[in-house]
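Thanks for sharing this one. Below are a few friendly notes to read alongside the model.

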Amino acid sequence: MRAIQASTSYSTPIHFGPPSLAASSPRYLNHRHVISAKGEPTEKSVEIMRKFSEQYARRSGTYFCVDKSVTSVVIKGLADHKDTLGAPLCPCRHYDDKAAEAVQGFWNCPCVPMRERKECHCMLFLTSDNDFAGQDQVISLEEIKETTAGM
């Protein structure tokens with residue numbers, strides 16, 4: 001069983017009394033809840049990102065990494081960000097504020113470097129001249145599950 005780590009931050013106090021009191025008090029208006037959990041992405045999101053990756057590889061003339069575990073981990077990372085941020089933010093980069101980066105869109109997959117120059121930092125979409133490029137533009141959900149089991 002995998003442990004879930006969560007963090008919570010609030011910009012103003014949280015009111016646990018009757019809703020009418022919170023609504024009438026300006027102190028409790030405009031509060032912000034940020035809850036992030038570290039866990040597995042939903043299977044639905046993994047499937048969405050798997051299909052997207054296959055389609056984008058075909059459209060862009062790129063290929064998945066010869067090591068399918070690389071492809072699997074990246075797809076699951078994109079799916080996790082889709083679940084937690086609402087956008088497939090590149091999972092292979094460090095962000096001081098992931099939510100702000102997801103809204104900006106520069107690093108949402110396919111990121112701007114990939115769209116403009118076919119440069120994929122994650123090694124998800126590789127050009128045929130890349131030493132790590134395989135010959136596949138497809139990956140099954142079962143392959144993703146198998147290659148990421150125990151990670």
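**Notes on the model**

1. A cysteine to start with: C109 counts as buried, because its relative accessibility is 17%. C122 is also classed as buried, with a relative accessibility of 10%.

2. Please keep in mind that this is a predicted model. The chain has a mean pLDDT of 81, and 75% of its residues reach 70 or more. Confidence is highest in α2, at 98, and lowest in strand β1 (residues 5–10), where the mean is 32.

3. I would treat the start of the chain with care. Over residues 1–37 the pLDDT is below 50, although the model gives this stretch 38 contacts beyond near neighbours in sequence. Where pLDDT is low, the predicted coordinates should not be read in detail.

4. Back to the cysteines: how many disulfides does a search of the whole structure find? The search finds zero. For C109, the nearest cysteine sulfur belongs to C120 and lies 6.4 Å away, so the pair falls outside the 2.5 Å cut-off for a disulfide.

5. Helix α6 is worth a look in your viewer. Spanning residues 141–148, α6 has L141, I144 and T148 buried. Seen down the axis of α6, these buried residues fall within an arc of 60°, so they line one face of the helix.

6. What covers that face? Among the elements covering the buried residues of α6 are α2 (43–60) and α3 (68–85). The first of these, α2, is also where confidence in the chain is highest.

7. One last backbone detail: G150, just after α6, takes a positive phi of about 85°.

Conventions:
Residues are numbered from 1 along each chain as its sequence is written. This is a predicted model: local features need pLDDT of at least 70, side-chain atom pairs count only at pLDDT 80 or more; totals for chains, interfaces and linings use all residues. Side-chain values use heavy atoms; hydrogens and water are left out. Buried means under 20% relative accessible area, exposed over 50%, partly exposed in between (1.4 Å probe, protein chains only). Helices (H or I, at least four residues) and strands (E, at least two) are DSSP runs, numbered from the N terminus. The arc is that of the directions from the helix axis to the C-beta atoms. Contact means heavy atoms within 4.5 Å. pLDDT is the predictor's confidence in each residue, from 0 to 100.
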